[in-house]
Amino acid sequence: MAITTSDQPARKLKILMLHGYTQSGPLFHLKTKALEKNLHKAFPASPSPGHLPSHPGGCELHYPTAPIRLSATDIPGYDVDGASSADSGEIDSFGWWRRKGDAEPYTYAGIELGLATVAEVLQKDGPFDGVIGFSQGGALAGMLASLLEPSRRQAFESAQSAGGIRYPDSFTQDSGFIESVIHPQLSFAVSYSGFAASTNPLYAAFYEPKIETPMLHFLGSVDTVVEEKRSLRLVEACKDGQGVEGGSSRVVYHPGGHFLPSSQKAYVAALVGFIREVVGKQGAEKTEKKDEGVEDMDVPF
C-alpha cells in the first residue's frame with residue numbers, strides 16, 4: 001500500500017489506453033492484460049522497490065470505448081479481431097472515426113466525436129500522465145499528445161487559412177478571463193502499429209510544428225494492415241523523429257505483424273524503460289525547480 005503523509009491519496013501514474021479500429025475498451029483491456037500486469041509490476045506503489053518517487057501510488061490504466069459503433073460494412077472481412085458478437089445483428093465494434101475515400105487524401109468522418117469522447121475522459125478521469133494506443137488508437141495517441149501541447153491552438157488557427165480543421169471545441173474551457181485547454185500536456189505517448197493522419201491539409205496542424213511530447217513507436221516488421229511508410233510518417237512528425245539519442249521520439253521494431261507485443265520481455269522492457277526515463281526526468285526537473293532558492297532565480301527586479 002502506498003504511504004502518504006496527507007489526506008490526499010498518493011499520486012498514481014495514470015495511463016490512457018486507446019483501442020484500435022473494430023475493438024472496444026473492454027476488448028482492448030482483455031488483449032492487454034499481460035501488459036497491464038507488467039506495468040503494475042514495473043511501477044508499484046511505495047514503498048515497494050522500483051516505485052516512482054513522483055508517483056508513489058503505483059500505476060492505473062483507463063480503457064475508454066470509441067463512440068462510433070461500426071456496422072459489418074465498415075469492417076473489412078468482418079469478424080476482425082474477434083469483435084463481432086454474432087453472424088448478424090448488432091456488432092460490438094467501435095472506431096474513433098471512419099476513413100472516407102479510396103486513396104489519399106482521406107477524410108475522417110466523425111473525428112470530432114472521437115476527440116470529444118477523449119476530451120470527456122480527460123476531464124472525468126484525468127489528469128493523465130501518458131497515453132498508449134494501438135493502430136487507429138496509436139494514431140489518436142499522436143493527435144492527443146499534439147493537441148495538449150502549448151501553442152498548438154495557434155497552429156490550428158494558422159492552418160485554417162489553408163483549409164485545416166479548427167482546434168476542437170471539446171478541448172477548450174472558459175476559465176473566466178481566458179479560454180484554456182482542458183488538460184495539461186502529457187508526459188509521454190506510445191503508439192503500437194500507429195500512423196499519421198491523412199495527408200489531407202485538413203489535419204496538417206496535428207503535425208506542423210512537429211510533436212514535442214516524448215513518443216515511443218512500436219512497428220511490426222511484417223505488419224500487413226498498416227504500411228510501414230504510414231507509421232514512419234508519424235515518427236517523422238515527431239521532434240527528432242528518427243529516434244536519435246537525446247531526441248523525444250524513439251522507434252522499436254518487433255518481428256511480428258499487426259498486434260501489440262504485451263508479454264515479450266524485450267518489448268515490455270523497452271516500454272517500461274521509456275516511461276521511467278521520461279517520467280523520472282520530468283519529476284527530477286520539477287523537484288529542482290521547487291528547491292530553487294531566490295538567490296538562484298532570474299528575477300525581474
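His55 is buried in this predicted model, because its relative accessible area is 4% and the cut-off for buried is under 20%. This residue sits in the loop that links H2 and S2. Its side chain makes a polar contact of 2.7 Å with the side chain of Ser54, and another polar contact, of 3.3 Å, with the side chain of Arg11. Leaving aside residues up to four places away in sequence, His55 touches Arg11, Lys12, Leu13, Asp129 and Val279.

The strand on one side of that loop, S2, belongs to an open sheet of 6 strands. Strands of a sheet pair through backbone hydrogen bonds, either parallel or antiparallel. In this sheet the pairing is parallel, and the order of the strands is S2-S1-S7-S10-S11-S12. S2 (59-62) and S12 (249-254) each have a single partner strand and stand at the edges, so one side of each has no neighbour in the sheet. From one strand to the next, the twist averages 15°.

At the S12 edge, the partner is S11, residues 215-220, and the two pair in the parallel sense over 6 bridges. One of the residues involved is Gly220, whose bridge partner in S12 is His254.

Two helices lie across strands of the sheet. Helix H2, residues 33-42, lies across S1 (13-18), S2 and S7 (130-134). H2 runs at about 155° to S2. Helix H4, residues 136-147, lies across S1, S7, S10 (188-192) and S11. H4 runs at about 150° to S7.

How values were computed:
Residues numbered from 1 in each chain as written. Predicted model: local features only at pLDDT ≥ 70, side-chain atom pairs only at ≥ 80, totals over all residues. Heavy atoms only, no water. Pairing = 2+ DSSP bridges. Helix = DSSP H or I, 4+ residues; strand = E, 2+ residues; numbered from the N terminus. Axes fitted to C-alpha atoms, helices over the stretch in contact; angles between N-to-C directions. Contact = heavy atoms within 4.5 Å. Buried < 20%, exposed > 50% of the residue type's maximum accessible area, 1.4 Å probe, protein only. Polar contact = N/O pair within 3.5 Å; in protein donor to acceptor, adjacent residues only side chain to side chain.
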